[in-house]
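Good morning, and thank you for joining this group meeting. Please look at the sequence and the structure as they appear, and keep them in view while I speak.

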Amino acid sequence: MKRFSTVLIPVVTAIVTLLVLFLTIPKAESRIRVVREDDQNYKKSVHFVAVGDSLTEGVGDETKRGGYVPLVADALQQKYELSSIEKDNYGVSGERSDQILKRVKKDSDLRNSLASADFITMTVGGNDLFQAFQKNITAKSAKQFNRPIKKYGQYVTNILEEMRELNPKAPIYVVGIYNPYYLNFPDIKAMQTVVDNWNEETERLTKEMTNCFFVPVNDLLYKGIATKDSDETTSSNSEVKNDALYDEDNFHPNNLGYQLMANAIQEKIVDTKDLWLIKERN
């Protein structure tokens, strides 16, 4: 019995020692910091500046909130749990690239906003294209639009250079144009070719500028969700309706159209979040 006690005492002592160590020494996993996305060095609030034409102003948006701008802002605020997003919408319906350039150069409020922006979006080109169609209404070839495309490209270059001078770092997202007449005039292939050429020029220009990105929306909006505007879908009199366009003009996006635009813009902004969301290191 004495021999058994002699053997048992060291065993019990060892067990007690292990228990004390287990209870008093922090667990290994508690000293390991799990890195999650919300642990990143993200800003708590950001400044979003939108510049452009009627697509930035939000013509066709029946909520009257401002088209794609609040949709993008709300989505980003929720995704990154931001305390706030300051939104400045400088969209003016009907403006061409030369008119937008004039504002960027002369409008002090716009210039101040651009200078402090964390990221910038711009819609441009639709009114330039519309003017080109008016001046070349008898054009039979897409090549006849090469000169106005070149002229438009110079204005866009000047806009981007002016923005970059005001703000060397903020990423700029330039939204492409779309063909609102595709569904009802699918045989006018030259029209879609001109739209494609216009977008290619815009994309080329964004690639020449640091932290500048092209956001294509033509494939989302030129077909939209096609339906017939008559209950008798087999009737020869029923016309194709693009459900992504505003009923009042069949030109501007409606609520659905702006949501499609916002999704595309937001995706590009999220893909490049390190350019605008990360705090600057001192």
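Helix α10 covers residues 255-271, which is 17 residues in total. From its first C-alpha to its last, α10 reaches 24 Å, close to the 24 Å expected at 1.5 Å a residue. I should add at once that the model is predicted.

At the N-terminal end of α10 there is a cap, provided by Asn254. A side-chain oxygen of Asn254 lies 3.1 Å from the backbone nitrogen of Leu256.

Which residues of α10 are buried? They are Gly257, Tyr258, Met261, Ala262, Ala264, Ile265, Gln266, Ile269 and Val270. Their packing partners include both helices and strands. On the helical side, these buried residues pack against α2 (54-57), α3 (68-79) and α9 (218-221). The strands they pack against are β3 (119-123), β4 (172-175) and β5 (212-215).

Let me turn to helix α8, residues 189-207, where we find Asn199. Is Asn199 buried or exposed? Asn199 counts as buried because its relative accessibility is 11%, and the cut-off for buried is under 20%. A polar atom of the Asn199 side chain lies 2.9 Å from the backbone nitrogen of Ile177. Once neighbours within four places in sequence are left aside, Asn199 is in contact with Gly176, Ile177, Phe214 and Asn218.

A second buried polar residue is Arg164, with a relative accessible area of 11%. Arg164 belongs to helix α7, residues 146-166. What does the side chain of Arg164 meet at 2.8 Å? One of its polar atoms lies at that distance from the backbone oxygen of Thr210. Beyond its neighbours within four places in sequence, Arg164 is in contact with Lys169, Ala170, Pro171 and Ile172, and also with Met209, Thr210 and Asn211. Consider Met209 in particular: 45 residues separate Arg164 and Met209 in sequence, yet their C-alpha atoms are 8.5 Å apart in space.

Asn211, one of the contacts of Arg164, deserves a further word. Asn211 is placed in the loop between α8 and β5, and at 25% relative accessibility it counts as partly exposed. Its phi is positive, about 55°, although Asn211 is not a glycine.

Glu81 is another residue other than glycine with a positive phi, in this case near 50°. Glu81 is found in the loop between α3 and β2 (84-91). Glu81 is exposed because its relative accessible area is 64%, and the cut-off for exposed is over 50%.

Now let us step back to the whole chain. The protein chain has 10 helices and seven strands. Of its 282 residues, 41% are buried. Among contacts between residues at least 6 apart in sequence, 74% join residues at least 24 apart. The accessible surface of the chain is about 16500 Å², and carbon and sulfur atoms account for 51% of that surface.

Finally, a word on confidence. The mean pLDDT of the protein chain is 82, with 76% of residues at 70 or more. Where does pLDDT stay under 50? One such stretch is residues 1-5, for which the model has zero contacts beyond four places in sequence. Another is residues 15-36, for which the model has four contacts beyond four places in sequence.

Methods
Residues are numbered from 1 along each chain as its sequence is written. This is a predicted model: local features need pLDDT of at least 70, side-chain atom pairs count only at pLDDT 80 or more; totals for chains, interfaces and linings use all residues. Side-chain values use heavy atoms; hydrogens and water are left out. pLDDT is the predictor's confidence in each residue, from 0 to 100. Contact means heavy atoms within 4.5 Å. Helices (H or I, at least four residues) and strands (E, at least two) are DSSP runs, numbered from the N terminus. Buried means under 20% relative accessible area, exposed over 50%, partly exposed in between (1.4 Å probe, protein chains only). Accessible areas come from the Shrake-Rupley method with a 1.4 Å probe; for residues, only the protein chains shown count as cover. A polar contact is a pair of N or O atoms within 3.5 Å; within protein, one must be able to donate a hydrogen and the other to accept it, and residues adjacent in sequence count only if both atoms are side-chain atoms. The expected span of a helix is 1.5 Å times one less than its number of residues.
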